[in-house]
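Trainee: I have a structure to look at, and I would like to understand the words people use for it. Could you go through them with me?

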Amino acid sequence: MSEDDALAFTESLIHLRQHVSPKRLEAPGPNERQLGLIFEAAAAAPDHGLLVPWRFVLIPTDRRATLGQMFADALLERDATASAEQVGDARAKALRGAVLLLCVADLAAREPDTPAHERLVSLGCAIQNMMLTAQAMGFGAGLSSGQGMASQALRRGFGLREGEIAVCFVSFGTVTSARPRRERPAPERFVTTLGRS
Ligand SMILES: Cc1cc2nc3c(=O)[nH]c(=O)nc-3n(C[C@H](O)[C@H](O)[C@H](O)COP(=O)(O)O)c2cc1C
């Protein structure tokens with residue numbers, strides 16, 4: 001790859017990627033073939049110990065109501081006094097985003113025992129690979145999480161095993177309205193050189 005190609009790649013993919021709220025990610029989303037390519041991109045993530053310490057669960061359209069019930073139960077689990085309106089809002093969140101996946105990290109004892117933080121880095125890389133691939137196909141992507149991620153309702157509903165955690169959801173779809181790009185932090189803010197002040 002020439003330097004110009006590398007610059008075009010970072011400009012068109014890495015710098016253009018931005019979080020898009022699931023509310024603004026409508027159909028059409030990636031089709032089955034495109035989703036296959038997106039998952040192959042996930043498989044290209046760095047993975048110390050080759051544990052594949054993550055998995056993704058697709059939530060198809062005919063299971064969105066089931067997810068909505070999990071969100072409603074998760075809210076009531078942490079606030080038994082939540083109003084009917086709040087429960088309704090929680091339920092409605094499950095309907096957003098043309099394609100919706102739950103991202104699960106496996107932090108259980110395994111051999112080799114790659115530390116949990118390295119496994120989470122691997123999941124982050126897999127998610128970024130998926131988002132950039134979706135973007136290259138012309139779709140937008142966004143991540144969502146919240147207090148419900150650790151709820152029993154979600155753990156039960158997705159059949160999470162001991163040691164597994166639900167990290168976030170990723171949504172893909174057609175961007176209905178774009179937002180201005182946020183200013184990214186300058187490298188000086190997060191890069192230092194050993195031995196130099
Ligand atoms: C694990 C994870 C969970 C996230 N959850 C949410 C969320 O619940 N709601 C939200 O608006 N953004 C969420 N985001 C997206 C960030 O808000 C977004 O990346 C950040 O504002 C920077 O914007 P950018 O991605 O466009 O550069 C999440 C990001 C990560 C890495």
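Mentor: Gladly; we will take a few terms one by one and check each against its definition. Keep in mind that this is a predicted model.

Trainee: What makes up the secondary structure of the protein?

Mentor: The protein has six helices and five strands. Starting at the N terminus, these elements follow the order α-β-α-β-α-α-β-α-β-α-β.

Trainee: Let me pick a residue, Met130, which sits in helix H5 (residues 116-136). Why is Met130 called buried?

Mentor: Count its neighbours: Met130 has 27 other C-beta atoms within 10 Å. The cut-off for buried is 20 or more, so Met130 is buried. Across the protein, 24% of the 197 residues count as buried.

Trainee: Which residues does Met130 touch, leaving aside those up to four places away in sequence?

Mentor: Met130 touches Ile38, Ala41, Ala42 and Val170. Two residues are in contact if their C-beta atoms lie within 7 Å. Do not mix that up with the C-alpha distance: for Met130 and Val170, which are 40 residues apart along the chain, the C-alpha atoms are separated by 9.3 Å.

Trainee: What makes a group of residues a nonpolar core?

Mentor: The members must be buried residues of certain nonpolar types, joined through C-beta atoms within 7 Å. In soluble globular proteins, nonpolar side chains tend to be buried together. Here the largest nonpolar core has 24 residues, and those touching the most other members are Cys103, Ile127, Met130, Ala134, Ala141 and Val170. At least two residues of this core come from each of helix H2 (32-43), strand E3 (99-106), H5 and E5. E3 gives the most, with seven residues. Another core, of eight residues, lies apart from it and includes Leu67, Phe71, Leu75 and Ala90.

Trainee: Now the ligand. Which residues are around the ligand?

Mentor: They are Gln18, His19, Leu143, Ser144, Ser145, Gly146, Val167, Cys168 and Arg182. Strand E4 (140-144) and strand E5 (164-175) are the elements that give two or more residues to this shell.

Trainee: How many residues of each class does the shell have?

Mentor: It has three nonpolar, five polar and one charged. Arg counts as charged, so Arg182 is the charged residue of the shell.

Trainee: What links the shell to Cys103?

Mentor: Among the residues Cys103 touches are Val167 and Cys168, and both of these are also around the ligand.

Technical notes
Residues are numbered from 1 along each chain as its sequence is written. This is a predicted model: local features need pLDDT of at least 70, side-chain atom pairs count only at pLDDT 80 or more; totals for chains, interfaces and linings use all residues. A residue is near a molecule or strand if its C-beta atom, placed from the backbone, lies within 6 Å of it. Helices (H or I, at least four residues) and strands (E, at least two) are DSSP runs, numbered from the N terminus. A residue is buried if 20 or more other C-beta atoms lie within 10 Å of its own, exposed if 12 or fewer, and partly exposed in between; C-beta atoms are placed from the backbone.
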